[in-house]
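User: I'm new to reading protein structures, and I'd like a close look at one part of this one. Please show me the place where the helices come together, and take it slowly.

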Amino acid sequence: MVMNNSRNAQINQYLVTQIQTASKEQLLLITYDIGIKNCRAAELALSKGELEEANSCVLRAQEVVRELTITLDVDKGGEIAENLLSLYDFMYRQLIEGNMKKAPDIISFVRGMLEELRDTWEQAIEKIVTERSEAASVENKPSPGLTAGGFNVAG
């Protein structure tokens, strides 16, 4: 038991460190991961008839969707943010319905939506990071005709 508690403490400390050092983009992906994990856990709990565990997992998934909702900046995000807001609202209501009906298929549907959105965000983030990296490397290249010591008069 002591060994297990020590291991859990190490894992918890790792997770805390991961979150504290994460970028905004990484936090977004972590948030989606938590929602997906809880939907999956709820589906499993329902298949085993563990209704209290399923309820807890669905409630955590709802908290994730709520967090995604309140972090949206509709002013900056415009139409895309408004569409996401509607989508998150739909997912939230579906989780409530799935929890009330104890319907793993509804929860699975929401999980699929979260997975799709997470994958889309991950691709967008990778593209942005690549573009930033390429822009930085262009800025750091020396100009033609210049060397580290000044002008290149030979060429």
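Analyst: Let's start with the largest pocket, whose lining takes at least two residues from each of helix 2, helix 3, helix 4 and helix 5. Keep in mind that this is a predicted model. Helix 4 is the top contributor to that lining, with six residues. The pocket holds about 870 Å³ of space. Its lining has 22 residues, and the ones closest to the centre are Lys24, Leu28, Thr71, Leu72 and Trp121. Sort the lining by chemistry and you get 13 nonpolar residues, three polar and six charged.

To place those helices, step back for a second. The chain has five helices and two strands, and along the sequence they run α-α-α-α-α-β-β. Out of 155 residues, 25% are buried. Now take the contacts between residues at least 6 apart in sequence: 61% of them join residues at least 24 apart.

The four helices that line the pocket also share a core. The largest nonpolar core has 22 residues, and Cys39, Tyr88, Met91, Leu95, Ile107 and Leu114 are the ones that touch the most other members. Each of helix 2 (24–47), helix 3 (51–70), helix 4 (74–101) and helix 5 (104–139) puts in at least two residues. Helix 3 gives the most here, with seven. Try clicking on Met91: leaving out residues up to four places away in sequence, it touches Val65, Val110, Met113, Leu114 and Leu117.

Next, follow helix 5. It has 36 residues and reaches 52 Å from its first C-alpha to its last, close to the 52 Å expected at 1.5 Å a residue. Which of its residues are buried? They are Ile106, Ile107, Val110, Arg111, Met113, Leu114, Leu117, Arg118 and Ile125. This buried set packs against helix 2, helix 3 and helix 4.

Did you spot the arginines in that list? Let's zoom in on Arg111, which sits in helix 5. Its relative accessible area is 16%, so it counts as buried, the cut-off being under 20%. Beyond its neighbours within four places in sequence, Arg111 is in contact with Ile36, Cys39, Arg40 and Glu43.

Glu43 is worth a click too, and you'll find it in helix 2. With 15% relative accessibility, Glu43 is also on the buried side of the cut-off. Setting aside residues up to four places away in sequence, Glu43 touches Pro104, Ile107, Ser108 and Arg111. One of those, Ile107, turned up earlier among the core residues that touch the most other members.

While you're on helix 2, check its length. At 1.5 Å a residue, its 24 residues should span 34 Å, and the end C-alpha atoms are 35 Å apart, which agrees. Its buried residues are Leu29, Ile30, Thr31, Tyr32, Gly35, Ile36, Asn38, Cys39, Ala42, Glu43, Ala45 and Leu46. Just past the end of helix 2 comes Gly49, with a positive phi of about 80°.

One more spot rounds off the tour. Lys102 is in the loop between helix 4 and helix 5. It has a positive phi of about 55° even though it isn't a glycine. Is Lys102 buried, partly exposed or exposed? Its relative accessibility is 31%, so Lys102 counts as partly exposed.

Lys102 also shows up as a contact of Asn55, which belongs to helix 3. Asn55 touches Asn99 and Lys102, again not counting residues up to four places away in sequence. At 28% relative accessibility, Asn55 is partly exposed. If you look from Asn55 to Ala45, 10 residues apart along the chain, the gap between their C-alpha atoms is 8.8 Å. Ala45 is itself one of the buried residues of helix 2.

Terms used:
Residues are numbered from 1 along each chain as its sequence is written. This is a predicted model: local features need pLDDT of at least 70, side-chain atom pairs count only at pLDDT 80 or more; totals for chains, interfaces and linings use all residues. Side-chain values use heavy atoms; hydrogens and water are left out. A nonpolar core is a set of buried Ala, Val, Leu, Ile, Met, Phe, Trp, Tyr and Cys residues joined through side-chain atoms within 4.5 Å. Buried means under 20% relative accessible area, exposed over 50%, partly exposed in between (1.4 Å probe, protein chains only). Contact means heavy atoms within 4.5 Å. The expected span of a helix is 1.5 Å times one less than its number of residues. On a 1 Å grid over the protein atoms alone, a cavity is a set of points where a 1.4 Å probe fits but cannot get out, and a pocket is an open set with protein on both sides within 12 Å along at least five of seven lines; lining residues have an atom within 4 Å of a point. Grid points are joined across faces, edges and corners, and a volume is the space filled by probe spheres set on the points. Ala, Val, Leu, Ile, Met, Phe, Trp, Tyr, Cys and Pro count as nonpolar, Asp, Glu, Lys and Arg as charged, and the others, Gly among them, as polar.
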